[in-house]
Amino acid sequence: MPMQVTKDVIYELPTCCSLAPILAGGEERFLVAAEKDDPCVLFAADGTRLETVWEGPGGVMTMEQLPGPTSCFLATQRFFSPNDSAEAKIVLAEPGKDGWRVRTVAELPFVHRFGIISRNGTRHLLACTLKSGHERKDDWSHPGAVYAVALPETLDGVDAEHPLEFRLLKDGMTKNHGFSKCLDGSVEAALVASESGVWRFTPPTDPEGEWTIAQLLDVGASDAVLVDFDGDGEAELGVISPFHGDRLAIYARDGDGAYREAWAYPEPLPFLHATWPGYLFGRPAWFVGARGGERLSLAIVWDASAGTYRAEVFDRGAGAANFLQLDMRRLLAANRESDEVAIYTFSK
């Protein structure tokens, strides 16, 4: 169907990278933070800048609000690049009368992505490290890993001297880059993408139990999402490959339950990075952005009349690092390569 898009650049933030929704003061808002040594900024839902949460450091790859009646959120800091992230950590930001207070809750070198996954009342923090060390630039000989910790009821008393104690779930995850939340049946879970493929991590029924780890695809991947594009009740697997790669494909399950490639974008898209499973005109959609080449931003949907997938370009030259859907019509973008924080409004 014909699609019209209005783009509003609401802020200029060098190397803007990470996005997150946040409920603060009973109002829906969102956070934007930078990859390099630049601020984290809080915005109202309409895109009005409210305040600076911190001036630096940057290196923010992930942010997520803690569950419950709180405006506190967790964030990575000091992940400046794959070659400059040995001092990466997870911090807690909490609002106060005199502004935001930020303290370290875990020193986790090379931590890149994380997410809070809940089951049976337990909040699990799942954290992924891109690598575990290096001897020189672009050294990938030390694979990353996936860790987890059951969060306590309160993080009071958790700091750099008394950090969260993670346990190792899986190591050997070279170029461990991708993370997205999904469902394993009716249970909240997470997809993790690395050179060894796409893996699903499902939390245990009790805090001390074992996580269920399943490999969904053995194709080296940078990011992956699960989206039921065609509405048949079976989610398809959208995959960017390889690491920071240029290939965009969708895999569907066959009769044996294995994922087989069903569609691929016909041309290379250099440095694919932004990815968000959302909705477009009420239908499931996958928003994807490339930081290289023409720096395209695309929306991918299922075209029922043609019986195939359709990709529509909604911006060129932006170079998105991440997306966040604000509502059924608006998509927020951290356009890192153009230093733009932008809101796209879609209409028919």
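The following exercises, with worked solutions, concern strands, aromatic rings and a pocket in a predicted model.

**Exercise 1. The four-stranded sheet**

Task: Determine the strand order of the open sheet formed by four strands, and state which strands lie at its edges.

Solution.
Step 1. The order is S10-S11-S12-S13, and the pairing is antiparallel.
Step 2. Strand S10 (111-119) and strand S13 (167-173) each pair on one side only, which identifies them as the edge strands.
Step 3. From one strand to the next, the twist averages 15°.

**Exercise 2. The register around S11**

Task: Describe how S11 pairs with S10 and with S12, and state how many of the residues of S11 are buried.

Solution.
Step 1. S10 and S11 run antiparallel and are joined by eight bridges.
Step 2. Two residue pairs illustrate the register: Val-111 has Thr-129 in S11 as its bridge partner, and Arg-119 stands opposite Thr-122 in S11.
Step 3. The hairpin of S10 and S11 has two residues between the strands, and Asn-120 adopts a positive phi near 50° there.
Step 4. On the S12 side, the antiparallel pairing extends over seven bridges; Leu-125 has Val-149 in S12 as its bridge partner.
Step 5. Ten of the ten residues of S11 are buried, and the strand is mostly covered.

**Exercise 3. An aromatic pair between two loops**

Task: Classify the pair formed by Trp-140 and Phe-243, and explain which parts of the chain the pair ties together.

Solution.
Step 1. Two quantities are needed, because a pair of aromatic rings is described by the distance of the centres and the angle of the planes.
Step 2. For Trp-140 and Phe-243 the centres lie 5.2 Å apart and the planes make an angle of 70°.
Step 3. The centre distance is within 6.5 Å and the angle is over 60 degrees, so the rings pair as edge-to-face.
Step 4. Trp-140 belongs to the loop between strand S11 (122-131) and strand S12 (143-150), while Phe-243 belongs to the loop between strand S19 (236-241) and strand S20 (247-253); the pair therefore ties together parts 103 residues apart in sequence.
Step 5. Phe-243 has 19% relative accessibility and so counts as buried, the cut-off being under 20%.
Step 6. Trp-140 has a further contact: Lys-131 lies over the face of its ring, at 4.4 Å from the ring centre.
Step 7. The structure holds 14 aromatic pairs; elsewhere, ring pairs link Phe-229, Trp-263, Tyr-265, Trp-302 and Tyr-309 into a cluster.

**Exercise 4. Strand S24 and its neighbours**

Task: Explain why strand S24 (residues 297-303) is described as largely enclosed, and describe its pairing with S23 and S25.

Solution.
Step 1. Six of the seven residues of S24 are buried, so the rest of the structure largely encloses the strand.
Step 2. Strand S23 (residues 283-290) runs antiparallel to S24 and is joined to it by four bridges, with Val-288 opposite Leu-298 in S24.
Step 3. Six residues lie between S23 and S24 in their hairpin, where Gly-293 has a positive phi near 60°.
Step 4. Seven bridges join S24 to strand S25 (residues 308-315), again in the antiparallel sense, and Ala-299 stands opposite Glu-312 in S25.
Step 5. The hairpin of S24 and S25 has four residues between the strands, and Gly-307 in the turn shows a positive phi of about 70°.

**Exercise 5. The largest pocket**

Task: Give the volume of the largest pocket, and identify the strand that supplies the largest share of its lining.

Solution.
Step 1. The volume is about 1100 Å³.
Step 2. The lining comprises 40 residues, of which Ser-180, Lys-181, Cys-182, Trp-276 and Pro-277 lie nearest the centre of the pocket.
Step 3. Strands that supply at least two lining residues each include S10, strand S14 (178-184) and strand S22 (272-280).
Step 4. S14 provides the largest share, six residues.

Key:
Residues numbered from 1 in each chain as written. Predicted model: local features only at pLDDT ≥ 70, side-chain atom pairs only at ≥ 80, totals over all residues. Heavy atoms only, no water. Phe/Tyr/Trp six-rings, centres within 6.5 Å; stacked < 30°, edge-to-face > 60°. Buried < 20%, exposed > 50% of the residue type's maximum accessible area, 1.4 Å probe, protein only. Lys NZ or Arg CZ within 6 Å of the ring centre and 35° of its normal. Pairing = 2+ DSSP bridges. Axes fitted to C-alpha atoms, helices over the stretch in contact; angles between N-to-C directions. 1 Å grid on protein atoms, 1.4 Å probe; cavity = no way out; pocket = protein on both sides within 12 Å on 5 of 7 lines; lining within 4 Å. Points joined across faces, edges and corners; volume = space filled by probe spheres on them.
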